[in-house]
Amino acid sequence: MSPRAGSAGSHTLAFVESPVQLLNVLEWAHTHAHSAAAAADAGLTRVTAPGAELTLVVLSPNDPMTRGQLRRMAELARDEGHEVRWEEARGGTTAPFHTIGGLAPLLRRARRIVMGDPFSRYVQLLLTITRAQDLVVVDDGTATMEFVAQLARGERLVRWHRRGGRPGPRDVLFAPVSASARRRLTPTEHRTVEVFSSMPIESAPDGVRVTANDFSWTRARFGPPRITKGADLVGTSLVETGVVDPDRYLEAVRSLAAAHGATRYFAHRRESADKLHRLAAETGLEIVRPDLPLELIARRGPIGRTILSFPSTVVHTLPLALVGTEVRVAVCDIDPAWLTENASPRAQGFLSGVTGTARDVHRLSAVSTA
């Protein structure tokens, strides 16, 4: 095991479906190892023997860009001494049965489960199998804020951009599994629940332990970055999720880039190729498809002195990853006029909350669009 990895504790099983989730599992393991070492130094506990204590299971999606970033992140995890198990979890109609069947013995032996997306049906199904009494939820972006709020209110677990719509047949069919997962994620006398997050969580349900993610692993491994004079713009998948109108988004990007002299556009891994081609043609921006999460890309550099973003996870994470540098993160509000007719009734309030609770960022007014 790499001496940098420390120990995440024996029989810890982590499930991730995105590069950001995998990054935050590495951050959690780093923080957990340092906390355990500090406790051992204080004579409060013993240090677990070295070994690949964390088994990290990648439930691979089909999207090529996401898979590429996950491959790169898996390499970093192995470098840290963790065991990585790659599962083609969506490789055909029988893939889920093979995946779950193959993981069942590990799930039954695990003492701790770390997960990146409690809204995932895959993860919710796996939670019905495990007997683990120590559950950890690491950040899957701003969705973590909504997860904690829904857990506190005792609501069914539904992603924020889908709230307000009528449940579909699959939702109804899966409802018992989702309800079971919510119960498993509720702490009891015999079950602990931790949320490891860089998001602003003002209040958590009784018994839920919130641990701050300050991106100490990222800052220790990468950088400091070389900083350029210009500005970089960070893309979002709000068009792809049906929240923001594509024409309004394109005009907003064009106006924002012109106002701040941005030259590069860091694409979100879920942005469509057609939209990115149009952005390049109509704005003149250089489209960059990162091979790692943006927190690592920015920390490695080179990166613009100003990073422009719409409301998203990075307005919370980039200031932490770039602490001590001269990089300024600026966030542009979403104008209600940009929202589609199908956007969730909660969309504007949620996005405003993402912006309003961001620390150490410069807030920009929504740019005007035609």
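**Notes on the predicted model**

1. Let's begin with one pair of residues. In strand β2, Leu-56 is the bridge partner of Ala-14. Keep in mind as you look that this is a predicted model. The two strands involved, β1 and β2 (residues 54-59), run parallel and are joined by five bridges.

2. Strand β1 has another neighbour to look at. β1 also pairs with strand β4 (residues 112-115), again in the parallel sense, over four bridges. Here Leu-13 has Ile-113 of β4 as its bridge partner.

3. How many of the five residues of β1 are buried? Five of five are, and the strand (residues 12-16) is described as mostly covered. Try colouring the side chains by direction: Thr-12, Ala-14 and Val-16 point one way, while Leu-13 and Phe-15 point the other way. This fits a general pattern, as side chains in a regular strand alternate between the two faces of the sheet. In β1, the residues pointing either way are buried.

4. Now step back to the whole chain. The protein chain has twelve helices and 13 strands. Of its 370 residues, 54% are buried. If you take the contacts between residues at least 6 apart in sequence, 72% of them join residues at least 24 apart. The accessible surface comes to about 16200 Å², and carbon and sulfur atoms account for 51% of that surface.

5. Next, find the open sheet made of six strands. Its order is β10-β9-β8-β11-β12-β13, and the pairing is parallel. Which strands form the edges? They are β10 (286-288) and β13 (362-364), each of which pairs on one side only. On average, neighbouring strands in this sheet are turned by 30° against each other, ignoring direction.

6. Within that sheet, β8 and β9 make a good pair to practise on. Four bridges join β8 (residues 227-234) to β9 (residues 262-266), and the two strands run parallel. Look for Ala-231, which stands opposite Ala-262 in β9.

7. On to the charged side chains. The count of salt bridges comes to 19. One of them joins Glu-88 to Arg-67, with the closest N and O atoms 2.9 Å apart. Why does this pair tie together separate parts of the chain? Glu-88 is in the loop between β3 (83-87) and α3 (95-109), whereas Arg-67 is in helix α2 (residues 64-79), so the salt bridge connects parts that are 21 residues apart in sequence. Are these two residues buried or partly exposed? Glu-88 counts as partly exposed at 36% relative accessibility, and Arg-67 counts as partly exposed at 21%. The cut-off helps you read the value for Arg-67, because buried means under 20%.

8. Another salt bridge joins the side chains of Glu-282 and Arg-254, at 4.0 Å from N to O. This pair links distant parts of the chain, with Glu-282 in helix α9 (residues 273-283) and Arg-254 in helix α8 (residues 246-260), 28 residues apart. Both residues are partly exposed: Glu-282 has a relative accessibility of 36% and Arg-254 has 29%.

9. Glu-282 has a further partner, Arg-278, and the closest N and O atoms of that salt bridge are 3.0 Å apart. Arg-278 and Glu-282 are four residues apart in helix α9, which means about one helical turn separates them. Arg-278 is partly exposed, with a relative accessible area of 33%. Put together, Asp-247, Glu-251, Arg-254, Arg-278 and Glu-282 are linked in a network of salt bridges.

10. Last come the aromatic rings, with a count of four aromatic pairs. Among them are Phe-119 and Phe-147, whose ring centres are 6.3 Å apart; their planes stand at 85°, so this pair is edge-to-face. The pair links distant parts of the chain: Phe-119 is in the loop between β4 and α4 (121-127), and Phe-147 is in helix α5 (residues 143-153), 28 residues apart. Phe-119 and Phe-147 are both buried.

11. Trp-217 and Phe-222 are another edge-to-face pair, with 6.0 Å from centre to centre and 80° between the planes. Trp-217 is buried, as is Phe-222. To finish, pick out Tyr-249, Phe-310 and Trp-338, which form one aromatic cluster.

Technical notes
Residues are numbered from 1 along each chain as its sequence is written. This is a predicted model: local features need pLDDT of at least 70, side-chain atom pairs count only at pLDDT 80 or more; totals for chains, interfaces and linings use all residues. Side-chain values use heavy atoms; hydrogens and water are left out. Two strands pair if DSSP finds at least two bridges between them. Axes are lines fitted to C-alpha atoms, for helices over the stretch in contact, and angles run from 0 to 180 degrees between N-to-C directions. Buried means under 20% relative accessible area, exposed over 50%, partly exposed in between (1.4 Å probe, protein chains only). Contact means heavy atoms within 4.5 Å. Accessible areas come from the Shrake-Rupley method with a 1.4 Å probe; for residues, only the protein chains shown count as cover. Rings of Phe, Tyr and Trp (its six-membered ring) pair if their centres lie within 6.5 Å; planes under 30 degrees apart count as stacked, over 60 as edge-to-face and the rest as tilted.
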